[in-house]
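Here are my notes for you on this one. Have the structure open while you read, and go through the points in order.

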Amino acid sequence: MADTNSGAPRVTGLGGVFYVVKDPAATRAWYRDTLGIDGPYGPQLAWADEPMAHPYSLISHFGDDTYIKPGAGGFMINLRVNDCDGMVAGLKAKGVEIFGEADEGYGKFAWLLDPDGVKIELWEQVEDALP
């Protein structure tokens, strides 16, 4: 982990995910209506809403697309949630297919696809510590 107390210019977090879709308005509506996130420029997440004392985001690199499948496009989006089980129940009630769930101890996960075939990984950080 990088020294965050040096005062030197540094990266402080994930600023966004940007990608091309066939119908941006429909995709934005899906994120709003299905996942409950919206904003003036698209789905927007405020770090101030994060309940954990030590939240973190990852940029993970893979040698192949096995973990990304069945998503299309060679990438996925990981969204932090505060209650993975509750989120999954709400999504299933909306008719959204959840194609996997896991509890890894440090966090709970669930996976779905957005309307453009992009894999969405929901992640509830369970341990309140940096790795």
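1. Start with the sheet: it is open, has 4 strands in the order β1-β4-β3-β2, and its pairing is mixed. β1 and β2 (100-103) are the edge strands with a single partner each, so one side of each has no neighbour in the sheet. On average, neighbouring strands are turned by 20° against each other, direction ignored. Two strands count as paired if DSSP finds at least two bridges between them.

2. A word on what you're looking at. This is a predicted model, where local features need pLDDT of at least 70 and side-chain atom pairs count only at pLDDT 80 or more, while totals for chains, interfaces and linings use all residues. Residues are numbered from 1 along each chain as its sequence is written, and side-chain values use heavy atoms, with hydrogens and water left out.

3. Now the pairs. Strands of a sheet pair through backbone hydrogen bonds, either parallel or antiparallel. β1 and β4 take the parallel option, over 5 bridges, and N78 has E121 in β4 as its bridge partner. Both helices pack on the sheet: α1 touches β1, β3 and β4, with its direction at about 135° to that of β3, whereas α2 touches β2, β3 and β4 and makes about 20° with β3. (Axes are lines fitted to C-alpha atoms, for helices over the stretch in contact, and angles run from 0 to 180 degrees between N-to-C directions; contact means heavy atoms within 4.5 Å.)

4. β2 and β3 run antiparallel, joined by 4 bridges. D103 has K108 in β3 as its bridge partner. The two strands form a hairpin with 3 residues between them, and G105 in the turn has a positive phi of about 90°.

5. Step back to the whole chain: it has 2 helices and 4 strands, running α-β-α-β-β-β from the N terminus on. These elements are DSSP runs numbered from the N terminus (helices: H or I, at least four residues; strands: E, at least two).

6. Which residues have the most contacts inside the largest nonpolar core? They are L35, L112 and L122, in a core of 17 residues. α1 (24-35), β1 (76-80), α2 (84-93), β3 (107-113) and β4 (119-125) each supply at least two of its residues. Such a core is a set of buried Ala, Val, Leu, Ile, Met, Phe, Trp, Tyr and Cys residues joined through side-chain atoms within 4.5 Å. Have a look around L122: not counting residues up to four places away in sequence, its contacts include L79, M87, L91, F109 and L112.

7. E50 is worth a click too. It sits in the loop between α1 and β1, and its side chain makes a polar contact of 2.9 Å with that of R80. (A polar contact is a pair of N or O atoms within 3.5 Å; within protein, one must be able to donate a hydrogen and the other to accept it, and residues adjacent in sequence count only if both atoms are side-chain atoms.)

8. Is A129, in the segment after β4, buried, partly exposed or exposed? At 39% relative accessibility, A129 counts as partly exposed. The cut-offs are under 20% relative accessible area for buried and over 50% for exposed, with partly exposed in between (1.4 Å probe, protein chains only). Neighbours within four places in sequence aside, A129 is in contact with H54 and Y56. Across the whole chain, 31% of the 131 residues count as buried.
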